[in-house]
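Reader: I have a sequence and a model in front of me and would like to go through the fold piece by piece. Please keep the answers short.

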Amino acid sequence: MNHSSSSHTASANKTAFPIAIKAIMIDLDGTLLDTAEDLALAANLMLKDLGMPEQSTATIRSYIGKGIQKLVKRTLTGQLDAEPDAALFAKALPIYEQHYANNLSINTRPYAGVVEGIQLMQQAGYKLACITNKAEAFTLPLLHATGLFNKFEIVLSGDSLPKKKPDPMPLTHICKYFDAQPHEALLIGDSLNDAIAARAAGCHVFCVPYGYNEGRDVYELDCDAIVDTLVDATKLIKSIA
């Protein structure tokens, strides 16, 4: 599926594949790693501590995509945009963070095609970055535990810079770091946050259909392509020598 935003049509009426790329930025939760079960486990341990009824993994999965604070708020209220009682939230958040820290990588694994896809990207000479809204305290241990840490030249977590996705700041930072123009960079993600950030930064964006888009259909996102795996993503790009 090709989508061209109006800002894109001046330079390219339709995305022409393969796209010439220098740097590839990859989202963590729902793109590289299937973290839903461990996020849900921590949420249910938190609810248990608070004396509240547990929720299904499928329900909690639909709360993923805007960071842990939002996940906790959604778990407490059972709604995507409701605000819980302030005192309850203040009590719940550190409980959640402790449980998640203790259960980071029990069930979390790279998705199919991730390791192979990264190998192909490395062999082709692309600069690789991981960009996530997850706090660094969780991001780095997870990347180490799953064997992905050394695959990336730079890792930007949700608290690495003053702003995070959907703000373009992390993407712009990576482009400067790799001395790449925005149109020479590709973000691979799974959510509306990724699509908005990429478009705002002027970067290309591919989305995977298997991740966490807050229960929404990934095919509704404004992206250059939907790719089933990271391996498939490599077939739509070519390296800038």
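**Buried residues, helices and the sheet**

Author: To begin with one residue, Lys 73 is buried, with a relative accessible area of 17%. The model is a predicted one.

Reader: Why does Lys 73 count as buried?

Author: A residue is called buried when its relative accessible area is under 20%. Lys 73 falls below that cut-off, because its relative accessible area is 17%.

Reader: In which helix does Lys 73 lie, and which residues does Lys 73 touch beyond four places in sequence?

Author: The helix that holds Lys 73 is α4. Leaving aside residues up to four places away in sequence, the contacts of Lys 73 are Ala 82, Glu 83, Pro 84 and Phe 89.

Reader: How many of the ten residues of α4 are buried?

Author: The buried residues of α4 are Ile 68, Leu 71, Val 72, Lys 73, Arg 74, Thr 75 and Leu 76. The cover over them includes α2, α3, α5 and α7. The helix is thus mostly covered, and the buried count out of ten is seven.

Reader: Which residue follows α4, and what is its phi?

Author: The residue after α4 is Gly 78. Its phi is positive, near 75°.

Reader: What end-to-end reach does α5 have, from its first C-alpha to its last?

Author: Helix α5 covers residues 86-102, which makes 17 residues. At 1.5 Å a residue, the expected span is 24 Å. The model comes close to that, with a reach of 25 Å.

Reader: Which helices do the buried residues of α5 pack against?

Author: The buried residues of α5 are Phe 89, Ala 92, Leu 93, Ile 95, Tyr 96, His 99 and Tyr 100. In an α-helix there are 3.6 residues a turn, so residues three or four places apart point the same way. The buried residues of α5 pack against α2, α4 and α7.

Reader: Which residue caps the N-terminal end of α5?

Author: The contact runs from a side-chain oxygen to the backbone nitrogen of Ala 87, at 3.2 Å. The residue that supplies the oxygen is Asp 85.

Reader: What is the order of the strands in the open sheet?

Author: The sheet has six strands with parallel pairing, in the order β6-β5-β2-β7-β8-β9. The strands that pair on one side only, at the edges, are β6 and β9.

Reader: Why is β7 described as largely enclosed?

Author: Ala 185, Leu 187 and Gly 189 point one way from β7, while Leu 186 and Ile 188 point the other way, and all are buried. Strand β7 is largely enclosed by the rest of the structure because its buried residues number five of five.

Reader: How many bridges join β7 to β2, and how many join β7 to β8?

Author: Strands β2 and β7 pair in the parallel sense, with Ala 23 bridged to Ala 185. On β8, Cys 207 stands opposite Gly 189. The count is four bridges between β2 and β7, and four between β7 and β8.

Reader: Which helix joins β7 and β8 in a β-α-β unit?

Author: The unit made with these two strands is right-handed. Its helix spans residues 192-201 and is α9.

Reader: Is β8 covered on its faces or open, and which residues show it?

Author: His 204 and Phe 206 are buried on one side of β8, and Val 205 and Cys 207 are buried on the other. Strand β8 also runs parallel to β9, joined by two bridges, and Phe 206 stands opposite Ala 225 there. Both faces of β8 are covered.

Reader: At what angle does α8 run to β6?

Author: Helix α8 lies across β2, β5, β6 and β7. Its angle to β6 is about 165°.

Reader: Which residues does Thr 234 touch beyond four places in sequence?

Author: Thr 234 belongs to helix α10 and is buried, with a relative accessible area of 18%. A polar atom of its side chain lies 2.5 Å from the backbone oxygen of Val 231. Not counting residues up to four places away in sequence, Thr 234 touches Gly 117, Leu 120 and Met 121.

Conventions: Residues are numbered from 1 along each chain as its sequence is written. This is a predicted model: local features need pLDDT of at least 70, side-chain atom pairs count only at pLDDT 80 or more; totals for chains, interfaces and linings use all residues. Side-chain values use heavy atoms; hydrogens and water are left out. The expected span of a helix is 1.5 Å times one less than its number of residues. Buried means under 20% relative accessible area, exposed over 50%, partly exposed in between (1.4 Å probe, protein chains only). Contact means heavy atoms within 4.5 Å. A polar contact is a pair of N or O atoms within 3.5 Å; within protein, one must be able to donate a hydrogen and the other to accept it, and residues adjacent in sequence count only if both atoms are side-chain atoms. Two strands pair if DSSP finds at least two bridges between them. A crossover is right-handed if, with the strands pointing away from the viewer, the path from the first strand over the helix to the second runs clockwise. Axes are lines fitted to C-alpha atoms, for helices over the stretch in contact, and angles run from 0 to 180 degrees between N-to-C directions.
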